[in-house]
Structures are given as C-alpha cells and as structure tokens.
Amino acid sequence: MAQKHITLSRWLIEQERSHGHIPASLRLLIEQVARACKRISRTVNRAANSGALGTLGSENVQGEVQKQLDVIANEVLLEANEWGGHLAAMASEELETIHTIPHRYPRGEYLLMFDPLDGSSNIEVNITIGTIFSVLHLPDGVGTVRAEHFLQPGRQQVAAGYCTYGPQTTLVLTLGHGVAMFTLDVEDSGFVLIKEDVTIPREAREFAINMSNMRHWDAPVRRYIDECLAGRDGPRGKDFNMRWVASMVADVHRVLERGGVFLYPWDRREPDRPGKLRLLYEANPMALLVEQAGGQALAGAERILDIVPTSLHQRAAVMLGSSDEVERLGRYHREANGVE
Ligand code: AHM
Ligand code: MG
C-alpha cells in the first residue's frame, strides 16, 4: 500500500529517472493517455445529464451498434494522442483501419491501440466500464506505417493498462516491471498511486464466465466449470463463487485485486471465430497485466502473449487470472487435444 501522496506524473518520472524502466517519450505518452482517460471519466460521469447516453444508429467494423459514448471516447483518445510527437499511429476497436499521425505533427516511435470504452452494454445501466490500451514499438526502419506493423505478439508490448469508470476511476498500468494502480482524486483532478507490485493470489475460488453460453462451450471449459460448481463434494473439494459483470475491465480488475479466473472461451455459436474478445486491444493488454501480477493468461492451450496476430481486429479465446486455476485450465485443454 502506498504511504505517500505519489501522483502518476511523479511515479512515471521515478520509473524513468531512478529505475531506468522507460524513456521520456514513453512517460509522456502514458501521461497523455491518462489525460484522455480523465476526460472520458468526466464525460461518462456527466452522460445522463448531458444527453450522451444511447446509441448512434451506426455500427463499427465488427458490426456492433455504436453507443454515443463509444464514439466520444474514441475521439477523445485520438485527439489527445495525435499531437504529442510520441506516436506513429493508433488503432482502435471503433476504427476499421489504423489512424496515422497527421503530417503537421512530428512522428514518434510508438504504436497505440485501444478499446475506447469496454463494456458498452453496461453504459446505460450505470455499471463500471473502462478504457483498455496497449503500446508497441514501431519496428525499426519503417517508412510508411501500415496495419501490419501492429501485428506483433503481445509479449512485445512496452506498456499496457486500463482505466475503469466505476465507483472510482482507477488507472492500472504496467511498463513491464510489475503492475501499479492509481485512483483519480476528483478534488485535485490527478491520478494518485494506491498500490504497487500488485500480486494475484495463486489459488482462488472465484470464477467469471457468461454461464448462459454453457451449452456452446468446448469440453475442457465445461469440465473446469462443472468441477467448480460441484463445490466441496466434487473433485476440487471446495466451494466456488461466481461473478460476471460483462465489462472485461471490471472483471479483470476484480481478478487483479483478489484473484480468481476470468474466461471468455471459444464456443460453438461462431465456430470459425477464436473467441469474442479482440486480441490486440483487449486480450493482450490484460494478459500482460495479469502475467506482470504473477498470474497466467491462456487462449486454450496457448499463451495469449505468444499468439502472432494476423489481422488488426482478430479475436482470441481468453482464460486469465490466478496461476493455479489457469494452469489447470491449460492442462484440461492439452489433455483434450491428446497432448498429455
Ligand atoms: P465491448 O468491447 O463491445 O464492450 O465487448 C467486450 C465485452 C467485455 O467487456 C465483456 O467481458 C464481454 O464483452 C461481455 O460479453 P457478453 O455480453 O457476451 O457476456
Ligand atoms: Mg471491449
């Protein structure tokens, strides 16, 4: 637990100056993302009063109905991050193609990806939603930035995080050296460190999955959940609790705070799709955070961070959280594949 009042800016400067964890350009980029999150937080907070709730009648590239706040959050992130000189391009859940930095601004060495407002189905019902982001290096020697330059495995992320807009606005961040949490102090409108070296307990007795899809699941997921549901009398010998917020940011935040597993697996509804969640700006940043907090993140038998992406908006199966539980899920998948 943090003892002193340490702002995000001060913490980032210490990461740069004393620990050598990041260059100044990455620090400034993260500050810019945080500033955008602050603006989104205010907009979300005022949405019922300002008439910003509801849909727009448009669809994004994934064929999902866009909410007004999805579009506003996307614009805030684009606008806040294009002039700083730290980025070469951005990619978003709400944009079909990449957004390159306009020529009037200097071009930087990083690529930023985001889901501007995760958990859109919860916007109107006043339940926690959030922004998820991921930062990659632009590969050396690139002239014109193209979508293919974003197609790097998640283990190459140089920073990742999310910001929840819920009872508190909390920014959770990794620069590849552990996970830190900052909560927005609305009195002085700055992010303040609340926790460093976040650690997910190895063992857990809480799972998060949309149970209404149970009939569509594959055998290993069914086996795992059946065993949890059997409780104390079943093979696990203990009772499990269940939670499902339907905002990945909120469900993953709970996992980081007190352990457990979060699953959005492949299922038979759309067999050609690896899962529902997007690899580059949902699964990868969350997987890096979870691994940095001592947990694990798999897409079936495979580590999420090792997946080599083939397209900007590709999907992935997601199983992440407490190490012992995710390990077990991985084993069930390998056994079903005849590997063990
Ligand atoms: P979104 O990015 O369009 O909001 O969709 C992603 C969300 C996740 O936050 C959440 O875990 C999942 O979709 C919930 O899906 P479902 O409604 O199928 O349970
Ligand atoms: Mg999302």
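A charge is said to sit over a ring when NZ of Lys or CZ of Arg is within 6 Å of the ring centre and within 35 degrees of the ring normal. The model on screen is a predicted one, and this tour starts with a case of that kind.

**Stop 1: a charge over a ring**

Select Arg 223 and Tyr 332. The charged end of Arg 223 sits over the ring of Tyr 332, at 3.6 Å from the ring centre.

**Stop 2: the magnesium ion**

Next, select ligand 2, which is a magnesium ion. Which residues supply its protein donors? They are Asp 115 (OD), Asp 118 (OD) and Glu 282 (OE), and they lie 1.8 to 2.1 Å from the ion. Along the chain, the donors follow the spacing D-x2-D-x163-E. Colour strand β5 (residues 110–118) to find Asp 115, and helix α6 (residues 279–292) to find Glu 282; the pair ties together parts of the chain that are 167 residues apart in sequence.

Are Asp 115 and Glu 282 buried or exposed? Asp 115 counts as buried because its relative accessibility is 1%, under the cut-off of 20%. Glu 282 also has 1% relative accessibility and counts as buried.

**Stop 3: ligand 1**

Keep Glu 282 selected and add ligand 1. An N or O atom in the side chain of Glu 282 is 3.0 Å from an oxygen atom of ligand 1. Glu 282 is also one of the donors of the magnesium ion, so this residue is a useful link between the two stops.

Now show Ser 120, where a polar backbone atom is 3.0 Å from an oxygen atom of ligand 1. Then show Glu 93, which has a polar side-chain atom 3.2 Å from an oxygen atom of the ligand. How much of ligand 1 does the protein cover? On its own the ligand has 470 Å² of accessible area, and the protein covers 86% of that.

To see the surroundings, display the 17 residues around ligand 1; those that come nearest are Gly 119, Asn 210, Met 248, Tyr 264 and Lys 276.

**Stop 4: Glu 93**

Return to Glu 93. Its place is in the loop between β3 (87–92) and β4 (99–100). With 4% relative accessibility, Glu 93 counts as buried. Add Arg 278 to the view: a polar contact of 3.4 Å joins its side chain to that of Glu 93.

**Stop 5: the aromatic rings**

The whole structure holds 3 aromatic pairs. Select Trp 244 and Phe 262, which form a stacked pair, 5.5 Å centre to centre with 10° between the planes. Trp 244 is in the loop between β12 (241–242) and α5 (248–258), while Phe 262 is in strand β13 (residues 261–264), 18 residues apart. Trp 244 counts as partly exposed at 23% relative accessibility, whereas Phe 262 is buried, with a relative accessible area of 2%.

Add Tyr 264. Trp 244 and Tyr 264 form a tilted pair, with 5.9 Å between centres and 55° between planes. Tyr 264 is in strand β13, 20 residues from Trp 244, and is buried, with a relative accessible area of 10%.

Leave Trp 244, Phe 262 and Tyr 264 on display together: ring pairs link them into a cluster. Tyr 264 is also among the residues that come nearest to ligand 1.

Terms used: Residues are numbered from 1 along each chain as its sequence is written. Chains are lettered from A and ligands numbered from 1 in the order in which they are written. This is a predicted model: local features need pLDDT of at least 70, side-chain atom pairs count only at pLDDT 80 or more; totals for chains, interfaces and linings use all residues. Side-chain values use heavy atoms; hydrogens and water are left out. Rings of Phe, Tyr and Trp (its six-membered ring) pair if their centres lie within 6.5 Å; planes under 30 degrees apart count as stacked, over 60 as edge-to-face and the rest as tilted. Helices (H or I, at least four residues) and strands (E, at least two) are DSSP runs, numbered from the N terminus. Buried means under 20% relative accessible area, exposed over 50%, partly exposed in between (1.4 Å probe, protein chains only). A residue is near a molecule or strand if one of its heavy atoms lies within 4 Å of it. A polar contact is a pair of N or O atoms within 3.5 Å; within protein, one must be able to donate a hydrogen and the other to accept it, and residues adjacent in sequence count only if both atoms are side-chain atoms. Accessible areas come from the Shrake-Rupley method with a 1.4 Å probe; for residues, only the protein chains shown count as cover. Donors are N, O and S atoms within 2.8 Å of the metal (3.2 Å for Na, K and Ca); water is not among the atoms, so sites may look incomplete.
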